[in-house]
Amino acid sequence: MVHTMAHTLDLGRRVELVSMDPHAGDISLGLYREDSPEGPGYLIHTYSANPEAARRVEFLTRAAEVLGGARGAPGQRFRFPCQTGHQTAARRLFLEAAKLPTGDELQPRPLTVHDRKSGQDLTVEPLGAGRYRVTTSTADEARCAVLANGLRKLAEMDATEGQPVVAFPCGQDHHELVGLLLPRALNVRAALREEESALSRGQLSAPSSQK
Amino acid sequence: MNSRQRVLAALNRQPVDRTPVCNPTSVATVELMDLVDAPFPNANREPERMARLAATSYTELGFDSIMPVFSIIQESSALGCKIQWEQKDNWPTVRMREPIWQTADDIRVPDDFLDHPDTRCVTEAIRLLRREYGNEVAIIGKTMGPWSLGYHCFGVEPFLLLSLDNPGQTKLCLDRMKEATIRFGLAQIEAGADALTLPDHATGDLVSAQYYARYLRDLHIEFAERLKVPIILHICGRTVDRMPYIAETGMAAFHYDSKNGPEESMAICRDRVALVGNINNPETLFSKGPEAVRAEVVRNLEAGVNLVGPECAIPLQTAIENLKEIPRAVRDWHNDRARIN
């Protein structure tokens, strides 16, 4: 039997995809965004009927709430309490959550990260109203600047000229999100390379362009 | 008109009730693979899965055609090339650094070429689809042209160097490899294909229009004569310079790339060969949203392109909403035109 009824759904705009999830039988997982008067909501969805799929989606949605400080919204969606999209950060949150096996213990990440390059701990100090300052006990301004710049790119935060201070444009705090992004923000180039590598998969090139 | 009638009429440049949405190459995505439990690489090797995944272009996306031959390596596998089958989220490829032939004397299309599992998978999938869908939707097969087979079997660089150094030997190679193209094409027609895509990668980046005229035009005329269904020639890249030659071959249609403007392409092809295309894959279908897709569809419709669809096999990670936007935009455009008139 080949024939199938139409099963695809209008879920909103797909903003990110994990094309093969090694923690759930290589199913594909999409992050879909739908805008509403209450603010943009995100839905994690798979079309797979794999027995692990429903549990996986439930775990990832929970991970988005714990690790990213998101809140549950109608239709199994999640959104940020500030009712702003923060789409770049939401995509990163989804990708980071998908690296965890189902059932992993979920805890918000600390606002301190160990920087292996300089051998020191870097801390992000909340200043209120969505602003954060990167500090270190050794006053290594260069590494603070690197971390601030990484956060700016990964979460589309605003920079402050000449200071390792970044701010969410919504003007509200997102401690969990900042904690989650800290390790990645230290090496943002690697994170972007990983994204580029994922983007290049699945594109068919002409034989003349293949190796 | 039903979908099949619409596609076949457009391929013959006859009047249609609306422009058909057609995929001469793959529209498979990883999400559609999940939906019907037909992931790569199995969907390239098992007829039932191949048919099930292919059918989603019609049942889920609303296209007017079904094209089950997702990859470009089925017959190369049957010829003996080594294949990297890859995973669900990537395309199988021929290991062209390990060529199987060096000279024309090496070329041999095995007697059991059509019984190889990777060619038989295609013919069986087409039979399944024909049985399931009858005459309601166009079923399109695919047989690779000899230039593409040359890349696969000789390696890209050796084959191009041969074409520079020894035109006579190159023509002999093409002439021998064309039997694979013909035999696989005829087998798909016999299995129930309404039309055939014939990719022959004389792409704009590596091969000139003069090369096309010297090596391929006569072969393509022969294909159009011997394969008695509409043939859709597919060549990637900038190809406006060779469209005048292509228009002389008797091919029903040319599946053209977004590197060619619809208007300039129609100016050459109108009344001589139908055009299919040319929604951009990497920048539009893969990276942008439905609004950008719609704009490209409308541009093709305004130019009078005969059948609308993606320019080539779409990236496997393409979002479903972008693909569904193609038939939506076509219907809306025709409805708007009907209201105005």
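Begin by selecting Phe254(B), and then show the residues it touches: leaving aside the neighbours within four places in sequence, Phe254(B) is in contact with Leu233(B), Met243(B), Ile246(B), Cys269(B), Val273(B) and Leu275(B). As you look at these contacts, keep in mind that the structure on your screen is a predicted model.

Now widen the selection to the core around this residue. Phe254(B) belongs to the largest nonpolar core, which has 114 residues, and together with Leu129(B) and Ala253(B) it touches the most other members. Which helix gives the most to this core? That is H5(B), which supplies seven residues. Apart from this core lies another one, of 49 residues, and to find it you can select Ala24(A), Phe94(A), Leu122(A) and Leu181(A), which are among its members. As a general background to both selections, nonpolar side chains in soluble globular proteins tend to be buried together.

Next, return to H5(B) and add H3(B) to the view. The axes of these two helices come within 8 Å and cross at roughly 55 degrees, and H3(B) and H5(B) are therefore oblique to each other. If you turn the model so that one helix lies in front of the other, you can follow how H3(B) passes H5(B) in a right-handed crossing. Where they meet, select Pro47(B), Glu48(B), Met50(B), Ala51(B), Ala54(B) and Ala55(B) on H3(B), and on H5(B) select Cys121(B), Glu124(B), Ala125(B), Leu128(B) and Leu129(B). Sorted by class, this contact has nine nonpolar residues, no polar ones and two charged ones. Leu129(B), which you have just selected on H5(B), was also named among the residues that touch the most other members of the largest core.

Now show both chains and look at where they meet. Here 41 residues of chain B are in contact with 27 residues of chain A. On the side of chain B that touches chain A, at least two residues each come from helix H2 (30-35), helix H3 (47-59), helix H5 (117-133), helix H6 (146-154) and helix H14 (320-340). If you colour that side of chain B by class, you will find 21 nonpolar, 10 polar and 10 charged residues.

From there, move to the loop between H2 and H3 of chain B, where Asp37(B) is placed. Asp37(B) has a phi near 50 degrees, which is a positive value in a residue other than glycine, and with 15 C-beta neighbours inside 10 Å it counts as partly exposed. Pro41(B) is found in this loop between H2 and H3 as well, and a cis peptide bond, with omega about 0 degrees, joins Phe40(B) and Pro41(B).

A cis peptide bond also joins Gly277(B) and Asn278(B), where omega is about -20 degrees, and Asn278(B) has its place in strand E8 (residues 274-279) of chain B. For a positive phi in chain A, select Gln83(A), whose phi is about 65 degrees although it is not a glycine. Gln83(A) sits in the loop between strand E5 (77-79) and helix H2 (87-97) of chain A, and it is partly exposed, with 16 other C-beta atoms within 10 Å.

For the last stop, select Thr93(B), which lies in strand E3 (residues 93-94) of chain B. Is Thr93(B) buried or exposed? Thr93(B) has 22 other C-beta atoms within 10 Å, and it is therefore buried, because the cut-off for a buried residue is 20 or more. Finally, draw a distance from its C-alpha atom to that of Ala191(B): these two residues are 98 residues apart along the chain, and their C-alpha atoms are separated by 25 Å.

Key: Residues are numbered from 1 along each chain as its sequence is written. Chains are lettered from A and ligands numbered from 1 in the order in which they are written. This is a predicted model: local features need pLDDT of at least 70, side-chain atom pairs count only at pLDDT 80 or more; totals for chains, interfaces and linings use all residues. Two residues are in contact if their C-beta atoms, placed from the backbone, lie within 7 Å. Helices (H or I, at least four residues) and strands (E, at least two) are DSSP runs, numbered from the N terminus. Ala, Val, Leu, Ile, Met, Phe, Trp, Tyr, Cys and Pro count as nonpolar, Asp, Glu, Lys and Arg as charged, and the others, Gly among them, as polar. A nonpolar core is a set of buried Ala, Val, Leu, Ile, Met, Phe, Trp, Tyr and Cys residues joined through C-beta atoms within 7 Å. A residue is buried if 20 or more other C-beta atoms lie within 10 Å of its own, exposed if 12 or fewer, and partly exposed in between; C-beta atoms are placed from the backbone. Axes are lines fitted to C-alpha atoms, for helices over the stretch in contact, and angles run from 0 to 180 degrees between N-to-C directions. Angles under 35 degrees count as roughly parallel, over 145 as roughly antiparallel, 65 to 115 as roughly perpendicular and the rest as oblique. A crossing is left-handed if the near helix is turned anticlockwise from the far one by less than a right angle, and right-handed if clockwise.
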